[in-house]
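User: I'm new to this structure and would love a close look at one part of it. Could you pick the charged side chains and walk me through how they pair up?

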Amino acid sequence: MTFKEQILQGIPDKLPAIKEYPNGVNRAPGRKEILTLNEKKLAIKNALRYFPKQWHKELALEFSAELKIYGRIYMYRFKPDYQVYARPISEYPANSEQAAAIMMMIQNNLDPAVAQHPEELITYGGNGAVFQNWAQYLLTMHYLATMTNEQTLHIYSGHPMGLFPSSKEAPRVVVTNGMMIPNYSKPDDWEKFNALGVTQYGQMTAGSYMYIGPQGIVHGTTITVMNAFRKILSPNESLAGKIFLTSGLGGMSGAQPKAGNIAGCITVCAEVNTKAAKKRHEQGWVDLLIDDINLLIKRIKQAQTNNEVISIAYVGNVVELWEQFYEHDIFVHLGSDQTSLHNPCSGGYYPVGLSWEESNTLIKENPKLFKENVQNSLIRHVNAINKHTKRGTYFFDYGNAFLLEASRAGADIMAENNIDFKYPSYVQDILGPLCFDYGFGPFRWVCTSGKDEDLEKTDAIAAKVLEDMMIEAPKEIKMQMQDNINWIKNAKANNLVVGSKARILYADAEGRMKIALAFNQAISKGTIGPVVLGRDHHDVGGTDSPFRETSNIYDGSKFTADMAIHNVIGDSFRGATWVSIHNGGGVGWGEVINGGFGMLLDGSEDSEKRLKNMLFYDVNNGISRRSWARNEGALLAIKREMERSPNLKVTIPNIVEEEILDNLF
């Protein structure tokens, strides 16, 4: 069968042969056994409902074995034989070009060059899934290939519920992931209901089909690292020879060494998974691999002496680095962590003192003991960091729940008031006040033609738009504009593409609309092919996350999720091609609600209308919430937007003098 025929087939007519698990693939860790006997039977029953009755007896044995070995039913037998990657949009069978674009984005998320655990349909973060199993993938692709522009596909945590009549103006796909009743959103609830096959952890861009490989987080990390160094260095002081120490090379965390190189410092990144470290080295995202800590220390001192710009992966545990760097008097200028601590006890964080293999065995066979090891490791981890910060190291939480999980482990991480953490979230100190409050966030696009020349043309278009805007930009946002002009001009040289022909930069609502409008005009003229627009959920208004995206909201509302819900609803009727809303994200299940979108530009007048309407709301929804929280930058940004847009009327807070509040109670 051809590729198109296989897509159109969906669930196959004949039972495929059992597949051998491929060698050398980075496997997802086995999940802990949590289901009762009756729940295990229910999990098998749930899995078998995708298939005809005559297959049930054989598949029941197979799926029960998967559940026992892996803790999940992935249905490996049904993984398609064709290669999974982002093909040019024209190669997909489709009645709707919008649906074809979504198929392309789904396959990009599952491309082995992009995905962390592709066999288990996990894109990044250890458990950030596109689908729960391969039957869901097959059925979803079939629906997308056969749907029209007057239907909408509704997807419940990876399960395609079906095609429903709608309209051309409606989204083609609506995605939800992990939307639990609030009292059932603890970590073990995810383990249980995911094992039952009724929910999944979509992370952010994994379950919304908008991941573009590590490029997206390279940009965010570059912006974060540059601005973190600006906080601690003199205005004209070089980053060369200065150390950024962190950990994680598996999924998005693999972007850190590349970002350090672009920023211009020494990056040292620890990774316990040898395969993950080698993959990033082979992809060119890290310069050097070292597994001997004594050789590493020698190499670091050499790099400091020579003011080098270099990235080094230490194949080992980051706790050892913090401790040994202190003992050898190596000054760390900047420190963070990007292990998957949203998922600390199921493969997201590997404790010091245990090997990768020993940890994976404990996760499956003795999860209680493994949790004890994780918490002891976090205490030791924090103790080492505290020693460095007393010497002057600037440490920040990079949105992976490091501070939250360390506090739960009993580590010495709390401030004197015993309410706040000792160290800030990077959003509190950096991205919130400098970017999000002004409307700057991760705007991204994908050239559906798959052509390098189209990507180069869009780079040039975006750079020209930003340079023209820079002339009239107020002083408060000139630095953000210049950082992104520099980024886009150097994007090709930095070799950022993994998977689809995608690009990212930070822009405000005005910048996003003007760039998108210029793309649409170029498509209309035939200069480039259709373009998919999107963004990271990690943005101005898409995510309510009290320990990350909304950590710089101080009016008491950071634990509410109204903004993210309004975002996805508002985008859906303003022109998005697909929308998504998830429980969970970089900081963990039950800790965040986040929404995303995708939009296909086809060069039409309809696309122009949609992009103006939706992109305007998508950003200004977030700015208005931040301005109501009395954030200074957001107040400036929303007032400026109201001057430009007479139809925008936003409630502005009256600022109370602090002396009025003093001695009231």
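Analyst: Here is a walk through the salt bridges, followed by a few residues elsewhere in the chain. Please keep in mind that this is a predicted model.

Let's start with the overall tally. The count of salt bridges comes to 36. A good place to zoom in is Lys 514, which sits in helix 19, a helix covering residues 509–524. Which residue does Lys 514 form a salt bridge with? The partner is Glu 510, and the closest N and O atoms of the pair are 2.9 Å apart. The two side chains also make a polar contact, again at 2.9 Å. Lys 514 and Glu 510 are 4 residues apart in helix 19, so about one helical turn separates them.

The two partners differ in how they are covered. Glu 510 has a relative accessibility of 17%, so Glu 510 counts as buried. Lys 514 is partly exposed, because its relative accessible area is 39%. This pair also belongs to a wider group: Glu 510, Lys 514, Arg 640, Glu 641 and Arg 644 are linked in a network of salt bridges.

What else does Lys 514 touch, leaving out residues up to four places away in sequence? Its contacts there are Val 465 and Met 469. In the same neighbourhood of the sequence, Leu 466 is 48 residues from Lys 514 along the chain, and their C-alpha atoms are separated by 8.9 Å.

Other charged pairs are worth a visit too. Lys 192 forms a salt bridge with Glu 39, with 3.1 Å between the closest N and O atoms. Lys 192 lies in helix 6 (residues 187–195) and Glu 39 in helix 2 (residues 37–48), so this pair ties together parts that are 153 residues apart in sequence. Lys 192 is partly exposed, with a relative accessible area of 25%, while Glu 39 counts as buried at 17%.

Lys 242 and Glu 237 form another salt bridge, and their closest N and O atoms are 3.6 Å apart. Here Lys 242 is buried, with a relative accessible area of 14%, and Glu 237 is partly exposed at 34%.

Now for a charged residue without such a partner. Arg 87 is found in the loop between helix 3 (56–70) and helix 4 (97–110). Arg 87 is buried yet has no salt bridge. The nearest side chain of opposite charge belongs to Glu 91, 4.2 Å away, and a salt bridge needs the charged atoms to be within 4 Å. Beyond its neighbours within four places in sequence, Arg 87 is in contact with Phe 3, Tyr 82, Tyr 92, Met 104, Gln 107 and Thr 448.

One more arginine deserves a look, this time for its backbone. Arg 630 lies in the loop between helix 21 and helix 22 (632–644). Its phi is near 75 degrees, a positive value in a residue other than glycine. Most residues other than glycine have a negative phi. Arg 630 is partly exposed, at 46% relative accessibility.

Not far back along the sequence, Ser 627 lies in helix 21 (residues 605–628). Is Ser 627 buried or exposed? Ser 627 is buried, with a relative accessible area of 0%. Setting aside residues up to four places away in sequence, Ser 627 touches Ala 634, Leu 635, Ile 638, Val 650 and Pro 653.

Methods. Residues are numbered from 1 along each chain as its sequence is written. This is a predicted model: local features need pLDDT of at least 70, side-chain atom pairs count only at pLDDT 80 or more; totals for chains, interfaces and linings use all residues. Side-chain values use heavy atoms; hydrogens and water are left out. Helices (H or I, at least four residues) and strands (E, at least two) are DSSP runs, numbered from the N terminus. Buried means under 20% relative accessible area, exposed over 50%, partly exposed in between (1.4 Å probe, protein chains only). Contact means heavy atoms within 4.5 Å. A polar contact is a pair of N or O atoms within 3.5 Å; within protein, one must be able to donate a hydrogen and the other to accept it, and residues adjacent in sequence count only if both atoms are side-chain atoms. Lys and Arg count as positive and Asp and Glu as negative; His and the chain ends are not counted.
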